[in-house]
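Visitor: I have a structure to look through and would like to ask about it piece by piece. Can you put it up?

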Amino acid sequence: MSTMTLFHSPASPFVRKVMVLLHETGQTERVALHEVQLSPVAPSAAVLEGNPAGKIPALRLADGNVLHDSRVILDYLDSQHVGEPLIPTGSARWRRLTLASLADAILDAAVLLRYETFLRPEDKRWEQWQAAQQDKIERALAYFEQDCLAELASRFDIAAIGLACALGYLDLRQPQLGWRGRFPGLAGWFADVSQRPSMQATLPR
């Protein structure tokens with residue numbers, strides 16, 4: 001029985017992180033999905049209720065309180081199941097949360113590029129700014145490729161979920177980046193984790 005409501009858009013990579021965790025922890029039936037369409041210049045009245053930031057994902061709890069920001073929602077949902085936590089405890093926690101934050105930085109830059117190239121009029125686009133966002137993505141991917149492959153392969157947790165959703169979003173919205181050729185280790189890792197049922201079930205429409 002659903003006791004929570006997730007305001008979402010199927011193409012949002014931040015929503016996808018939450019959905020992957022719900023599948024991985026067996027909590028999908030506890031959450032009803034409320035699809036919304038919004039943009040930075042066109043907020044959703046349903047999302048704004050209890051969430052002044054107007055961003056998704058937003059999770060309305062059984063008591064009516066609303067959690068927003070995917071990191072907050074992931075932390076909450078990870079505390080609501082009986083299996084091994086996907087956000088580790090102890091010293092490993094800070095490393096994995098830092099890697100998850102770096103994956104979010106990829107997403108932030110990719111979403112900004114999407115807004116710049118899809119929403120902003122062509123004569124107002126700033127090429128240097130776009131290049132700076134692409135550089136952020138490249139630096140983060142290089143770090144994951146050079147320093148993190150063994151860690152990522154060790155466990156599909158909060159860091160791996162974040163990066164997998166980030167790479168999936170690059171494929172969806174920035175295919176011209178062609179990241180696989182420059183980062184073959186990440187490409188192989190992503191090919192493997194993409195077969196997980198949670199990743200297959202959350203492919204963006």
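**Asp69 and its surroundings**

Guide: This is a predicted model. Asp69 counts as partly exposed, because its relative accessibility is 31%, and partly exposed covers values between 20% and 50%.

Visitor: Where does Asp69 lie?

Guide: Asp69 is in the loop between strand 4 and helix 3. Its phi is positive, about 85°, although Asp69 is not a glycine.

Visitor: Which end of helix 3 does Asp69 cap?

Guide: The N-terminal end. A side-chain oxygen of Asp69 lies 2.9 Å from the backbone nitrogen of Arg71.

Visitor: OK, on to helix 3. Which of its residues are buried?

Guide: Ser70, Ile73, Leu74, Leu77 and Asp78 are the buried residues of helix 3. They are on the same side of helix 3, because they cover an arc of only 130° around the axis.

Visitor: Why would residues a few places apart point the same way?

Guide: An α-helix has 3.6 residues a turn, so residues three or four places apart point the same way.

Visitor: And what covers those buried residues of helix 3?

Guide: The cover includes strand 1, helix 1, strand 3, strand 4 and helix 7, which spans 158–173.

Visitor: Switching to the sheet. What is the order of its strands?

Guide: The order is 2-1-3-4, in an open sheet of four strands with mixed pairing. Strand 2 (31–35) and strand 4 (66–68) are the edge strands, each pairing on one side only. On average, neighbouring strands of this sheet are turned by 25° against each other, direction ignored.

Visitor: Do strand 1 and strand 2 run parallel or antiparallel, and how many bridges join them?

Guide: Strand 1 (residues 4–8) and strand 2 run parallel, joined by five bridges. In one bridge, Leu6 is partnered with Leu33 of strand 2.

Visitor: Which strands does helix 1 lie across?

Guide: Helix 1 (residues 13–24) lies across strand 1 and strand 2, at about 145° to strand 1. Helix 3 (residues 70–78) also packs on the sheet, touching strand 1, strand 3 (58–60) and strand 4. The direction of helix 3 makes about 120° with that of strand 4.

Visitor: Where is the cis peptide bond?

Guide: The cis bond joins Ile56 and Pro57, with omega about 0°. Pro57 is in the loop between helix 2 (45–48) and strand 3.

Visitor: Last topic, then. What domains is the protein divided into?

Guide: Domain 1 covers 4–79 and domain 2 covers 91–196. The contact takes 13 residues from domain 1 and 17 residues from domain 2. Taken over C-alpha atoms, their centres are separated by 21 Å.

Methods. Residues are numbered from 1 along each chain as its sequence is written. This is a predicted model: local features need pLDDT of at least 70, side-chain atom pairs count only at pLDDT 80 or more; totals for chains, interfaces and linings use all residues. Side-chain values use heavy atoms; hydrogens and water are left out. Two strands pair if DSSP finds at least two bridges between them. Helices (H or I, at least four residues) and strands (E, at least two) are DSSP runs, numbered from the N terminus. Axes are lines fitted to C-alpha atoms, for helices over the stretch in contact, and angles run from 0 to 180 degrees between N-to-C directions. Contact means heavy atoms within 4.5 Å. Buried means under 20% relative accessible area, exposed over 50%, partly exposed in between (1.4 Å probe, protein chains only). The arc is that of the directions from the helix axis to the C-beta atoms. A polar contact is a pair of N or O atoms within 3.5 Å; within protein, one must be able to donate a hydrogen and the other to accept it, and residues adjacent in sequence count only if both atoms are side-chain atoms. Domain bounds come from an automatic or database domain assignment.
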